[in-house]
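Here are my notes on the model you sent over, as numbered points. Have the sequence and the coordinates open while you read.

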Amino acid sequence: MTTTLTGGGQVITLTSRDLDGDGPNAPTITVSGNLTANTTYAGEVSFLNETVSPADDITVEVEEEGVDHQVFYQLPSALGTIAYTDLDLNGKPIGLAFTLTTGNAGTGNLTVTLRHLPNKSATGVAAGDITNAGGATDALVTYPVTVN
């Protein structure tokens, strides 16, 4: 999974690579830099299956089957807010594109979760609340982030 944030003259890349899939090795997580406080970033997330060769771009499937998928973003509210900028055929969010507006300086975690078959009509789900979403988790990564 790669999450790219562009804003404030920066491009920040957050990456998780798990080359052995469900194997014994933990994913490698990298964050290319710190975010700037009170800045709006355009965000994109992409998914690759690198356990096969050539790597399979799962992002295309998520977009094509947008009604069956949603990406959720969890971030402490003091660090920022996230808004979806892409919609499926039913006008519900997919989450491959979003904006992140940072708050004040601090540290915390940004958790990115791809859900398959979430209930997009459940309370709060269209606004990004994963609590009532249901469905199956296809991918989940927690990135450590710092806002300066």
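1. L14 has V31 in β3 as its bridge partner. That bridge belongs to the antiparallel pairing of β2 with β3, which counts 4 bridges. Two strands count as paired here if DSSP finds at least two bridges between them. Strands are DSSP E runs of at least two residues, helices are H or I runs of at least four residues, and both are numbered from the N terminus.

2. Before going further, a word on the model: it is predicted, so to speak of local features I rely on pLDDT of at least 70, and side-chain atom pairs count only at pLDDT 80 or more, while totals for chains, interfaces and linings use all residues. Residues are numbered from 1 along each chain as its sequence is written, and side-chain values use heavy atoms, with hydrogens and water left out.

3. The β2/β3 pair sits in an open sheet of 6 strands, ordered β3-β2-β1-β4-β9-β8 and paired antiparallel. At its edges are β3 (28–31) and β8, each pairing on one side only. Neighbouring strands are turned by 20° against each other on average, direction ignored; the axes are lines fitted to C-alpha atoms (for helices over the stretch in contact), with angles from 0 to 180 degrees between N-to-C directions.

4. Now β1. With β2 it makes 6 bridges in the antiparallel sense, and one position to look at is G7, which stands opposite Q10 in β2. The two strands form a hairpin with 2 residues between them, and G8 in the turn has a positive phi of about 60°. β1 also pairs with β4, antiparallel, over 5 bridges; there T4 has E44 of β4 as its bridge partner.

5. Which residues of β1 point to the buried face? They are T3, L5 and G7, whereas T2, T4 and T6 point to the other face and are not buried. Buried means under 20% relative accessible area, exposed means over 50%, and partly exposed lies in between (1.4 Å probe, protein chains only).

6. The other sheet to check is open too, with 3 strands in the order β7-β10-β11 and antiparallel pairing. β7 and β11 are at the edges with a single partner strand each, so one side of each is left without a neighbour in the sheet. The twist from one strand to the next averages 15°. β7 and β10 run antiparallel and are joined by 6 bridges; in this pairing Q74 stands opposite T111 in β10.

7. On packing: the largest nonpolar core has 32 residues, and those with the most contacts inside it are M1, L5, V45, F47, V71, Y73 and V112. Such a core is a set of buried Ala, Val, Leu, Ile, Met, Phe, Trp, Tyr and Cys residues joined through side-chain atoms within 4.5 Å. Two or more residues come from each of β2, β4 (40–46), β7, β9 (97–102), β10 (106–116) and β11. β11 gives the most, with 5 residues.

8. The largest pocket has a volume of about 540 Å³. Of its 22 lining residues, M1, D18, L48, D138 and A139 are the closest to the centre. β2 (10–17), β5 (48–49), α1 (58–64) and β11 (136–147) each give two or more residues to the lining, and β11 gives the most, 4 residues. By class the lining has 11 nonpolar, 5 polar and 6 charged residues (nonpolar: Ala, Val, Leu, Ile, Met, Phe, Trp, Tyr, Cys and Pro; charged: Asp, Glu, Lys and Arg; polar: the others, Gly among them).

9. For your own pocket runs, the settings: on a 1 Å grid over the protein atoms alone, a pocket is an open set of points where a 1.4 Å probe fits, with protein on both sides within 12 Å along at least five of seven lines, and lining residues have an atom within 4 Å of a point. Grid points are joined across faces, edges and corners, and a volume is the space filled by probe spheres set on the points.

10. The second largest pocket has a volume of about 190 Å³. Its lining includes Y73, Q74, Y84 and D129. β7 (69–74) and β8 (80–84) each give two or more residues, with the largest share, 4 residues, from β8. The lining divides into 6 nonpolar, 5 polar and 1 charged.

11. Last, I58 lies in helix α1 and is partly exposed, with a relative accessible area of 24%. I58 and P27 are 31 residues apart in sequence and 18 Å apart in space, C-alpha to C-alpha.
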